[in-house]
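Please walk through the helix packing, the ligand site and two backbone details of the structure shown here. The explanation takes these topics in turn.

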Amino acid sequence: MSLTRDDCAARDRKDPLAPLREQFELPHGVIYLDGNSLGVLPRETPARVAQVIAQEWGADLIRSWNSAGWMTLPQRIGDKIARLVGAGAGELVVADATSINLYKVLAAALAMQQADAPGRTVIVSERSNFPTDLYIADSLAQQHGCRLELLEPEELLPRLQGPHGADVALLMLTHVNYRTGRMHDMAALTAAAHAAGATAVWDLAHSAGAVAVDLHAANADFAVGCGYKYLNGGPGAPAFVWAHPRHADRFRQPLSGWIGHAAPFEFTPDYRPAPGIARYLCGTPPILSMAALECGVDTVLAAEPLGGMAALRSKSLEMTRLFADLVESRCAGHGLRVVSPRDDALRGSQVCLARDDGAYAIVQALIGRGVIGDFRAPDVLRFGFTPLYLRFVDVWDAVEQLHQVVASGEWCDARFAARAAVT
Ligand SMILES: *Cc1c(COP(=O)(O)O)cnc(C)c1O
């Protein structure tokens, strides 16, 4: 490949999304390829959180629940996220963690299925889905007398369309696989699930803010997603949850807390769910975390005048394609295999490499050089590309560092071998 670093710099100069990088507090000397695990700190966030602490909490105290709109933050930020995932206003709220929201929607979807079609007892998912999704689904399946069935991606459609499709209650998938970056066809799988009489639940953890998602066009039933990855909401930021409006007054909330009550401040002894998605709130919203999340979501919405998610997606595809091409040409002969799909339609916003040995140590050596990706067991080097703040020269430089690490054998140094708790 004859591309040079100057060609990458030229691409940056022509990139209409380049100014969006100014929204972030990027540490010097770091190329950050882990925004799919923890997004970068937005410039606005420290001041906004400080203001919430000093003014809204410190000075205004309890009055801020009304005067600063604390009570409606889950809906206000929810409406903003809705714009990024093809949902309507009032259909999505910010609440709890992704794991917990998954519990809530799976319980609701299973209850609806068991009321309509008690014979359906299978939750179908993907074997390499993110573990929390599988653990939560398995736990719910056990509680409801159901069973979780795990398949390979190419087995999903035949399973739904096959003769036994009639026993499937739910299809639960993560749109973009956390380890390989492989992206499912949400519309096709949802349609197949519906044709089989099943309900489709989507986890958008690696999609929201990263790839174009259109929940309505795909006719999905339920969705959850994560605030601290591509939405830049900060470590442990609250997650979000969506239900298609056709289910709005039917689905229930297994964690029937008072904030999801129709009238929390009537303090009645009986639970009456709030209309629509608001019933998916449970306890008191974490206001400081919500303030940070809103700043993060705003950094993605800032792309709207520049073409929005479609423009971000096309830059992301260019970056992931460039990274994979450069790895294959410049790191050839060093045992690295690109394991993310090369087909744009099947690839999220990350590129994963695999190596028979040394994957963890290579990632550590790269981090030592300021190129931050991560390692996913057993053999994957994972690199996330956030088009909001990455430049094409960063892609070039990251591959250059990777080449130096593998070509020099630097990763064999003992100091890169010891595994930390978070990989
Ligand atoms: C990151 C991620 C989660 C995170 O769940 P938490 O409850 O925030 O820990 C869940 N599911 C998927 C697919 C993820 O990628």
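The paragraphs below begin with the helix pairs, go on to the ligand and end with the backbone. The model is a predicted one.

Start at the N-terminal end, with helix α1, residues 5-14, and its partner α13, residues 392-408. The two axes come within 7 Å and cross at roughly 155°. Angles over 145 degrees count as roughly antiparallel, and α1 and α13 are therefore roughly antiparallel to each other. On the α1 side the contact involves Arg-5, Cys-8, Ala-9, Arg-11 and Asp-12, and on the α13 side Phe-392, Val-393, Trp-396 and Asp-397. Sorted by class, the contact of α1 with α13 has five nonpolar residues, four charged ones and no polar ones.

Helix α13 also meets α11, which spans residues 308-330. Here the axes come within 10 Å and cross at roughly 25°. An angle under 35 degrees counts as roughly parallel, so α11 and α13 are roughly parallel to each other. Their crossing is right-handed. From α11 the contact takes Lys-315, Glu-318, Met-319, Leu-322, Phe-323, Leu-326, Val-327 and Arg-330. From α13 it takes Phe-392, Val-395, Trp-396, Ala-398, Val-399, Glu-400, Leu-402 and His-403. The contact of α11 with α13 divides into eleven nonpolar, one polar and four charged residues. Phe-392 and Trp-396 of α13 take part in the contact with α1, and Phe-392 and Trp-396 also take part in the contact with α11.

Another helix pair is α2, residues 44-59, with α10, residues 287-301. The axes of α2 and α10 come within 9 Å and cross at roughly 150°, and the two helices are therefore roughly antiparallel to each other. The crossing of α2 and α10 is right-handed. Helix α2 contributes Glu-44, Thr-45, Arg-48, Val-49, Val-52 and Ile-53 to the contact, while α10 contributes Ile-287, Leu-288, Ala-291, Ala-292 and Cys-295. In the contact of α2 with α10, eight residues are nonpolar, one is polar and two are charged.

Now turn to the ligand. The residues around the ligand are Ala-97, Thr-98, Ser-99, Phe-130, Thr-132, Asp-133, Thr-174, Asp-203, Ala-205, His-206, Tyr-228 and Lys-229. One ligand nitrogen atom lies 3.0 Å from a side-chain N or O atom of Asp-203. An oxygen atom of the ligand is 2.7 Å from a polar side-chain atom of Tyr-228. At Thr-98 the partner is a polar backbone atom, 3.5 Å from an oxygen atom of the ligand.

Two points in the backbone remain. Most residues other than glycine have a negative phi, and most peptide bonds are trans. Asp-96 is not a glycine, yet its phi is positive, at about 50°. Asp-96 sits in the loop between β2 (92-95) and α5 (98-116). Thr-98, one of the residues surrounding the ligand, belongs to α5 (98-116). The other point is the peptide bond joining Ala-377 and Pro-378, which is cis with an omega of about 5°. Pro-378 is found in the loop between β12 (374-376) and β13 (380-384).

Key. Residues numbered from 1 in each chain as written. Predicted model: local features only at pLDDT ≥ 70, side-chain atom pairs only at ≥ 80, totals over all residues. Heavy atoms only, no water. Axes fitted to C-alpha atoms, helices over the stretch in contact; angles between N-to-C directions. Helix = DSSP H or I, 4+ residues; strand = E, 2+ residues; numbered from the N terminus. Parallel < 35°, antiparallel > 145°, perpendicular 65-115°, else oblique. Left-handed = near helix turned anticlockwise from the far one by under 90°. Contact = heavy atoms within 4.5 Å. Nonpolar A, V, L, I, M, F, W, Y, C, P; charged D, E, K, R; others polar. Near = heavy atom within 4 Å. Polar contact = N/O pair within 3.5 Å; in protein donor to acceptor, adjacent residues only side chain to side chain.
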